[in-house]
Amino acid sequence: MQNKSKIAAFTLSEMIVVLIITSIVIGLAFSVLTLVQNHMSGIQHNFSRHTQINQLEQSLWLDFNRYSHISYDELNEILTFKTETDSINYQFKTDRIIKQRDTFNIPLESKVLFFGGNMVNHGAIDALKLETSKRFQNQKLFIFKENDATLFMN
């Protein structure tokens, strides 16, 4: 007596169709993953730039309100903050701003200085307007301090 029972199995053509569909799905998944990684990288760079601008703005605000005398040397492009006991400098380069040991990698498009509401090029200042480059979306920072009577003495 012969056994004529069939074994349940997939045919070769069915297996090939499954492999083709699986490779298409995996290819789509990798392309979507690449797009997501590119978007995440862009978001990370924008966040990093925004954070650097916020750190510069916060540092300038603190120094503008902490120091009594603020002056700008146009020749060396150095912003100096002074009190009777302490001083600090910001040096403006074409692609960065250096404050003592801190470096803000922010290229500036323009820098405008003010004293008493009037634009000045050097000497004592009480306000500063900075505009970043296109890489930083031309963001503008305006930092000022309220002058007290001690500034106008001497």
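This briefing walks through the strands, the helix packing and the aromatic contacts of the structure above. Please keep in mind that the model is predicted. Its open sheet is built from 6 strands in the order E5-E4-E3-E2-E1-E8, with antiparallel pairing. A search of the whole structure also turns up 7 aromatic pairs, and a few of them are described below.

**The six-stranded sheet**

- Two strands sit at the edges of this sheet, E5 (102-104) and E8 (123-124), and each of them pairs on one side only.
- Helix H1 packs on the sheet and touches E1 (69-73), E2, E3, E4 and E5. The direction of H1 makes about 140 degrees with that of E3.
- As a general reminder, the strands of a sheet pair through backbone hydrogen bonds, and the pairing is either parallel or antiparallel.

**Strand E3 and its two neighbours**

- Strand E3 spans residues 87-92 and has two faces: Ile88, Tyr90 and Phe92 make up the covered one, while Ser87, Asn89 and Gln91 make up the uncovered one.
- On one side, E3 runs antiparallel to E2 (residues 78-82), and 5 bridges join the two strands. E2 and E3 form a hairpin, with 4 residues between them.
- Two of the positions in E2 can be matched to partners in E3: phenylalanine 81 stands opposite isoleucine 88, and leucine 79 has tyrosine 90 as its bridge partner.
- E3 also pairs with E4 (residues 97-99), again in the antiparallel sense, over 3 bridges. Here too a hairpin makes the connection, through 4 residues.
- Tyrosine 90 stands opposite lysine 99 in E4.

**Strand E6 and its partners**

- Strand E6 (residues 108-115) pairs with E9 (residues 127-132) in the antiparallel sense, over 6 bridges. Within this pairing, phenylalanine 114 has alanine 127 in E9 as its bridge partner.
- E6 is also joined to E7 (residues 118-120) by 3 bridges, and these two strands run antiparallel. Phenylalanine 115 stands opposite asparagine 118 in E7.
- The E6-E7 hairpin has 2 residues between its strands, and glycine 116 in the turn has a positive phi of about 65 degrees.

**Aromatic pairs**

- What is the geometry of the pair formed by tryptophan 61 and phenylalanine 144? The ring centres are 5.2 Å apart and the planes lie at 75 degrees, so this pair is edge-to-face.
- Tryptophan 61 belongs to H1 (residues 12-66) and phenylalanine 144 to E10 (residues 140-144), so the pair ties together parts that are 83 residues apart in sequence.
- Tryptophan 61 is partly exposed, with a relative accessible area of 27%, and phenylalanine 144 is partly exposed at 34%.
- Phenylalanine 81 and tyrosine 90 form an edge-to-face pair, at 5.4 Å centre to centre and with 65 degrees between the planes.
- Are these two residues, phenylalanine 81 and tyrosine 90, buried or exposed? Phenylalanine 81 is buried, with a relative accessible area of 0%, and tyrosine 90 is buried, with a relative accessible area of 0%.
- Trp61, Phe114, Phe142 and Phe144 form one aromatic cluster.

**Charges over rings**

- Lysine 111 lies over the face of phenylalanine 92, at 4.8 Å from the ring centre. Phe92 is one of the residues on the covered face of E3.
- Arginine 49 lies over the face of phenylalanine 136, at 5.9 Å from the ring centre.

Key:
Residues are numbered from 1 along each chain as its sequence is written. This is a predicted model: local features need pLDDT of at least 70, side-chain atom pairs count only at pLDDT 80 or more; totals for chains, interfaces and linings use all residues. Side-chain values use heavy atoms; hydrogens and water are left out. Buried means under 20% relative accessible area, exposed over 50%, partly exposed in between (1.4 Å probe, protein chains only). Two strands pair if DSSP finds at least two bridges between them. Rings of Phe, Tyr and Trp (its six-membered ring) pair if their centres lie within 6.5 Å; planes under 30 degrees apart count as stacked, over 60 as edge-to-face and the rest as tilted. A charge sits over a ring if NZ of Lys or CZ of Arg is within 6 Å of the ring centre and within 35 degrees of the ring normal. Contact means heavy atoms within 4.5 Å. Axes are lines fitted to C-alpha atoms, for helices over the stretch in contact, and angles run from 0 to 180 degrees between N-to-C directions.
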